[in-house]
Amino acid sequence: MRTGAERQARRARARLLAGPREGVVSRAELREIGADRRVVSREVAASRWAVHGRVTVATHTAALSEAALRWRAVWEAGPDAALDGVSALCAAGLRHFRTDVLHVSVPEGSRIHRVDGVRVHHPRGRLVGELLDAGPPRVRAPVAAVRAAHWAVSDRQAALVLCMTVQQRLATGEQLVAAASAVRGRARRSFVAQVVADVADGAHSLGELDFAALCRRRGLPEPDRQVVRVGPRGRVYLDVRWRRIGLVVEIDGAQHRQGLAVSDDHLRRNSLVLTDETVLGIDLVGLRLREAEFMGQVVAAHELLTARLGA
C-alpha cells in the first residue's frame with residue numbers, strides 16, 4: 001500500500017508532466033509514473049483531478065484553457081491526429097480568428113474517435129514534412145492555411161484566412177502557392193488558387209484578370225489603359241481609365257488588406273464619393289469575392305459621369 005508521502009510525490013510528478021500542457025496529461029504518461037486507472041479514479045473522486053475524455057486527465061478541476069483543449073483534441077481524436085486548418089494557425093499565433101470547434105486531421109485509414117468540440121478531417125495523405133512537434137502536434141502554417149480555405153464555410157471565410165495568414169507573417173505568399181499546389185482539397189480549388197495567387201503576386205494575378213471583359217459583360221466600353229504605378233497607399237497594381245469622362249478605377253493588391261474589412265470600406269467609400277469624385281478603389285481579393293457589387297459601382301459611376309458630360 002502506498003504511503004501518504006508516496007501519493008503526494010506521485011501527484012507532484014503528475015503536475016510536473018501536466019505543467020507544459022497547462023494542466024493536462026495523458027493516461028499513458030500517468031501510467032509511466034504509476035498512476036493507473038484506479039489511481040485516476042481515486043483522484044477524481046477526491047476532486048483533485050478531472051477526466052476530459054478517454055485519454056485526457058487534468059491535474060486540477062478548473063475549466064481547461066485554450067492550450068489545454070488543443071492537447072485534448074489531438075489526444076482524444078487518435079494517435080495520428082494533429083491540429084490542422086485554423087486551429088493549427090491559432091496555435092502558431094493567428095490572431096482575431098476563432099471557430100466554435102477545434103480542427104484536427106488524421107491520415108486516411110487511421111482509427112479515430114468522435115470528440116465533442118473537435119472536427120476530424122481526413123486529408124488525402126500527409127505531405128512530407130508538414131507536421132511540427134513543438135507543442136501539440138500540428139500542421140505547418142502554409143499547409144494549414146490552404147486546408148482551412150478548403151474547409152471554410154464560405155468563399156469569404158476562405159479568403160479571410162489566407163489573407164490573414166500572410167498579413168500576420170505566419171507564412172509567405174510563395175509558401176501558400178507551394179502549399180496550394182500540393183494540397184489536394186475537395187472544395188473551391190479554383191477559388192483558393194486564385195486568392196493564393198492574388199496574395200502572393202498581385203501584379204501577376206492582374207495580368208490574368210481581364211478587367212475589360214468584366215466591363216464588356218456590363219455594357220461598358222473598354223477602359224483606355226492599364227498600368228502599374230506607385231500611389232500614396234503604396235503600389236497600386238491596376239489603373240483603369242476612361243479618359244473621355246474622367247473616371248479612374250484603382251485596384252490594390254492583396255497585401256494592402258486588413259482582413260476583409262477593406263472590401264467593405266471600399267464599397268462604402270465608393271457609394272459616398274460617386275457624386276463628388278471620379279476615383280473608385282477596389283481591392284483585388286474583394287473583386288474576387290464581390291465582383292457584382294464592385295462592378296455595379298463602376299457601371300453607376302460611368303453612367304453618372306457620362307450623363308454629366310452630355311448635360
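**Figure 1. The whole chain, before zooming in.** Among the contacts in the protein with a separation of 6 or more, 57% are made by residues 24 or more positions apart. What you are looking at is a predicted model. The protein has 14 helices and twelve strands. How many of its 311 residues count as buried? The share is 48%.

**Figure 2. The largest nonpolar core, with Leu89 picked out.** This core has 50 residues. Which residues have the most contacts inside it? They are Leu89, Val161, Leu162 and Leu176. Several elements each give two or more residues to the core: helix 4 (66-77), helix 5 (85-92), strand 5 (102-105), helix 6 (141-151), helix 7 (155-167), helix 8 (173-182) and helix 9 (189-200). Now take a look at Leu89 itself. Leaving aside residues up to four places away in sequence, Leu89 touches Leu94, Ala141, Ala144, Ala145, Val161, Thr165 and Leu170. There is also a second, separate core, made of 21 residues, and it includes Val249, Ile282, Leu287 and Ala301.

**Figure 3. Helix 7 next to helix 9.** The axes of these two helices, 7 and 9, come within 10 Å and cross at roughly 30°. Are helix 7 and helix 9 roughly parallel or roughly antiparallel? Angles under 35 degrees count as roughly parallel, so helix 7 and helix 9 are roughly parallel to each other. Their crossing is right-handed. On the helix 7 side, the residues that take part are Asp155, Ala158, Ala159, Leu162, Cys163 and Val166. They meet Phe191, Val192, Val195, Val196 and Val199 in helix 9. Sort the residues of this contact by class and you get ten nonpolar, no polar and one charged.

**Figure 4. Helix 8 packed against helix 9.** Here the angle between helix 8 and helix 9 is about 160°, and their axes are 8 Å apart. Angles over 145 degrees count as roughly antiparallel, which means that helix 8 is roughly antiparallel to helix 9. The crossing of helix 8 with helix 9 is left-handed. Which residues make the contact? From helix 8 come Gly173, Glu174, Leu176, Val177 and Ala180, and from helix 9 come Val196, Val199 and Ala200. By class, the residues where helix 8 meets helix 9 split into six nonpolar, one polar and one charged.

**Figure 5. Two loop residues with a positive phi, His96 and Arg188.** Some background helps with this view. Most residues other than glycine have a negative phi. His96 is not a glycine, yet its phi is positive, at about 65°. Where is His96? You can find it in the loop between helix 5 and strand 5. His96 has a relative accessible area of 72%, so it is exposed. Arg188 is not a glycine either, and it has a positive phi of about 40°. The place to look for Arg188 is the loop between helix 8 and helix 9. With a relative accessible area of 22%, Arg188 is partly exposed.

**Figure 6. Ile282 and what surrounds it in the chain.** Ile282 sits in strand 12 (residues 279-283). Is Ile282 buried or exposed? Its relative accessibility is 0%, so Ile282 counts as buried. If you skip residues up to four places away in sequence, Ile282 touches Val249, Glu250, Ile251, Asp252, His266, Leu287, Phe294 and Val298. Ile282 and Met295 are 13 residues apart in sequence, and their C-alpha atoms are 9.4 Å apart in space.

**Figure 7. Helix 14, from His302 to Gly310.** Helix 14 covers residues 291-310, and His302 is found in it. Why does His302 count as buried? Buried means under 20% relative accessible area, and His302 comes in at 9%. Not counting residues up to four places away in sequence, His302 touches Leu220, Pro221, Trp242, Ile245 and Leu247. Gly310 lies in helix 14 too. Gly310 is exposed, because its relative accessible area is 66% and exposed means over 50%. How far apart are the C-alpha atoms of Gly310 and Ile245? They are separated by 9.7 Å, with the two residues 65 residues apart along the chain.

Technical notes. Residues are numbered from 1 along each chain as its sequence is written. This is a predicted model: local features need pLDDT of at least 70, side-chain atom pairs count only at pLDDT 80 or more; totals for chains, interfaces and linings use all residues. Side-chain values use heavy atoms; hydrogens and water are left out. Helices (H or I, at least four residues) and strands (E, at least two) are DSSP runs, numbered from the N terminus. Buried means under 20% relative accessible area, exposed over 50%, partly exposed in between (1.4 Å probe, protein chains only). Contact means heavy atoms within 4.5 Å. A nonpolar core is a set of buried Ala, Val, Leu, Ile, Met, Phe, Trp, Tyr and Cys residues joined through side-chain atoms within 4.5 Å. Axes are lines fitted to C-alpha atoms, for helices over the stretch in contact, and angles run from 0 to 180 degrees between N-to-C directions. Angles under 35 degrees count as roughly parallel, over 145 as roughly antiparallel, 65 to 115 as roughly perpendicular and the rest as oblique. A crossing is left-handed if the near helix is turned anticlockwise from the far one by less than a right angle, and right-handed if clockwise. Ala, Val, Leu, Ile, Met, Phe, Trp, Tyr, Cys and Pro count as nonpolar, Asp, Glu, Lys and Arg as charged, and the others, Gly among them, as polar.
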